[in-house]
Amino acid sequence: MLDIRFIRENPDVVKKNMEKKFQHDKLPLVDELIRLDVENRSAKTEGDQLRSDRNKLSKSIGALMGQGKKDEAEETKAKVKAINDRIEALEKEEGEKSERIREIQMAIPQIIDDSVPIGKDDTENVEVDRFGEPVVPDYEVPYHIDIMESLNGVDLDSARNTSGSGFYYLKGDVARLHSAILSYARDFMIDKGYEYHIPPYMIRGNVVSGVMSFAEMENMMYKIEGEDLYLIGTSEHSMIGKYINTITEEHTLPHRLTSYSPCFRKEVGAHGIEERGVYRIHQFEKQEMVIICKPEESMAFYDELWNNTVEFFRSLEIPVRTLECCSGDLADLKVKSVDVEAWSPRQKKYFEVGSCSNLGDAQARRLNIRVRGEDGKLYLAHTLNNTVVAPPRMLIAYLENHLQEDGTVFIPEPLRPYMGFKERIEKK
């Protein structure tokens with residue numbers, strides 16, 4: 001959400017940013033907001049003057065009564081009543097316009113970084129770099145569910161019976177592998193100096209609207225019926241929400257946080273959710289990174305975050321690439337974003353396994369997350385987040401890249417302590 005003063009003083013910049021994001025339908029909102037802002041400030045000025053006049057008149061009534069000027073006192077009372085009626089009308093007008101102004105502010109996208117490539121949608125995202133050599137083995141790599149079933153590690157039929165499509169049971173060594181990857185990710189981030197958290201898995205509506213756009217909220221979040229609570233789609237939601245209405249002392253920054261949580265997503269409009277697979281599902285688990293920092297440091301931390309994910313995947317010998325999100329693929333709160341994609345030997349292409357985002361001061365403005373500088377002045381923090389790892393999607397990349405010709409699955413050295421020091425998962 002942009003500062004209304006910035007919009008007021010830079011309407012052309014705001015409109016140009018919308019055009020870069022191909023949100024031409026939103027252009028009229030800028031002029032509407034500026035008009036409402038002028039009217040609202042005018043109403044406030046009038047209201048302040050009327051309150052001053054009312055106070056003066058109210059004080060004079062007692063004096064007039066004391067002088068026996070009853071008729072003049074009654075006339076003054078009538079004037080005070082008329083002023084009260086006008087103030088009441090102005091306050092109602094201010095409230096309605098303020099609500100509409102905030103709605104528009106929430107709909108106007110964050111100003112994207114100059115380095116963001118311009119493009120209409122995710123088909124125009126730009127590859128940045130590759131890490132590790134993508135390999136296609138001489139033998140066939142089966143579909144990931146077939147690999148899991150060969151290891152007796154998944155049961156989709158029972159999950160459909162209990163919960164419907166988009167759910168799964170993991171079991172045996174595959175379930176253990178799932179937990180091992182998350183445990184390794186936790187320790188990997190702790191060793192990087194990030195403070196480990198397990199956050200609430202439900203958050204209030206005002207936190208949801210603070211961390212994401214309305215469109216994202218509608219397509220992602222599950223609401224608890226009859227309560228002002230939503231199941232989180234990622235622990236970033238709880239972790240950023242942790243700072244709502246707080247003032248952080250500048251000398252304590254940056255705050256490097258890593259968090260584990262289950263994640264719940266509607267996946268509205270998602271393709272292939274009815275298919276046999278665990279790529280796009282309603283429930284999964286994730287290790288996340290979050291940073292709260294000073295504005296001038298956020299781009300450096302952005303690079304730190306995505307590099308952490310690349311290093312994590314490479315430590316497990318999985319080739320990855322980074323793909324910069326173009327302007328049209330950026331969610332409204334994001335300044336800059338890069339996806340990390342893992343190599344799929346079966347599909348002979350990369351697929352998304354994580355996303356790193358710099359949100360500038362967008363979340364901080366919505367949630368009132370402030371920093372007190374060394375000079376005592378308050379300013380908005382910058383917030384960033386990134387996926388460390390999100391199995392079971394990561395399991396697809398892991399199983400495909402480590403499947404051996406005999407059907408066993410290789411376990412890299414860093415993961416062995418979490419897998420009972422096994423070197424392979426045997427075919428059942």
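Tutor: Let's start with a definition: a residue counts as buried when its relative accessible area is under 20%, as exposed when it is over 50%, and as partly exposed in between. Please keep in mind that this is a predicted model.

Student: Which residues of helix H13 are buried?

Tutor: Helix H13 covers residues 393-402, and 10 of its 10 residues are buried, so the helix is largely enclosed by the rest of the structure. The residues in question include charged ones, with Glu 400 down at a relative accessible area of 2%. In order, the buried residues of H13 are Arg 393, Met 394, Leu 395, Ile 396, Ala 397, Tyr 398, Leu 399, Glu 400, Asn 401 and His 402.

Student: Which residue forms a salt bridge with Glu 400?

Tutor: Side chains of opposite charge can pair when their charged atoms come close. For Glu 400, the closest N and O atoms of the bridge are 3.7 Å apart, and its partner is Arg 346. The two residues belong to distant parts of the chain, 54 residues apart: Glu 400 lies in helix H13, while the loop between strand S12 (336-344) and strand S13 (349-358) holds Arg 346.

Student: Is Arg 346 buried or exposed, or does it fall in between?

Tutor: The relative accessible area of Arg 346 is 31%. Buried requires a value under 20% and exposed a value over 50%, so Arg 346 counts as partly exposed.

Student: Which residues are joined into one network by salt bridges that share partners?

Tutor: The structure holds 33 salt bridges. Where such bridges share partners, they join residues into one network, made up of Asp 3, Arg 5, Asp 361 and Arg 365.

Student: How many residues apart in sequence are the parts tied together by Asp 173 and Lys 428?

Tutor: The side chains of these two residues meet in a salt bridge, at 3.7 Å from N to O. Asp 173 sits in helix H7 and Lys 428 in the segment after S18, so the parts that the pair ties together are separated in sequence by 255 residues.

Student: Which of these two partners is exposed?

Tutor: Asp 173 has 11% relative accessibility and therefore counts as buried. With a relative accessible area of 61%, the exposed partner is Lys 428.

Student: What is the N to O distance in the salt bridge of Glu 127 and Arg 130?

Tutor: Glu 127 is partly exposed at a relative accessible area of 34%, and Arg 130 is also partly exposed, at 43%. Their side chains meet with an N to O distance of 2.9 Å.

Student: Moving on to the rings, how many aromatic pairs are there?

Tutor: A pair of aromatic rings is described by the distance of the centres and the angle of the planes. Here, rings pair when their centres lie within 6.5 Å. By that rule, the number of aromatic pairs is 8.

Student: How many residues apart are Phe 131 and Trp 306?

Tutor: These rings form a tilted pair, 6.3 Å from centre to centre with 50 degrees between the planes. Phe 131 is in strand S1 (residues 126-131) and Trp 306 in helix H11 (residues 298-315), so along the chain they are separated by 175 residues. Both residues are buried, and the separation asked for is 175 residues.

Student: Why is the pair of Tyr 184 and Tyr 418 called tilted?

Tutor: Planes under 30 degrees apart count as stacked and over 60 as edge-to-face, with the rest tilted. The two ring centres are 6.1 Å apart and the planes meet at 50 degrees, so the pair is tilted. Tyr 184 belongs to helix H7 (residues 172-191) and Tyr 418 to the loop between strand S17 (409-410) and strand S18 (424-425). The angle that decides the matter is 50 degrees.

Student: Which residues make up the cluster that contains Tyr 184 and Tyr 418?

Tutor: Tyr 184 is buried at 10% relative accessible area, whereas Tyr 418 is partly exposed at 26%. Ring pairs link both into a cluster, whose members are Tyr 184, Phe 188, Phe 312, Phe 313 and Tyr 418.

Student: Lastly, how much accessible area does the nonpolar patch with Tyr 196 have?

Tutor: Tyr 196 lies in strand S4 (residues 195-197). On the surface it forms the patch with Ile 190 and Ile 198, and together their accessible area is about 260 Å².

Conventions:
Residues numbered from 1 in each chain as written. Predicted model: local features only at pLDDT ≥ 70, side-chain atom pairs only at ≥ 80, totals over all residues. Heavy atoms only, no water. Phe/Tyr/Trp six-rings, centres within 6.5 Å; stacked < 30°, edge-to-face > 60°. Helix = DSSP H or I, 4+ residues; strand = E, 2+ residues; numbered from the N terminus. Buried < 20%, exposed > 50% of the residue type's maximum accessible area, 1.4 Å probe, protein only. Patch = residues over 30% accessible without salt bridge, like charges linked within 9 Å, V, L, I, M, F, W, Y side chains within 5 Å. Areas by Shrake-Rupley, 256 points an atom, 1.4 Å probe, with all protein chains shown as cover. Salt bridge = Lys/Arg side-chain N within 4 Å of Asp/Glu carboxyl O.
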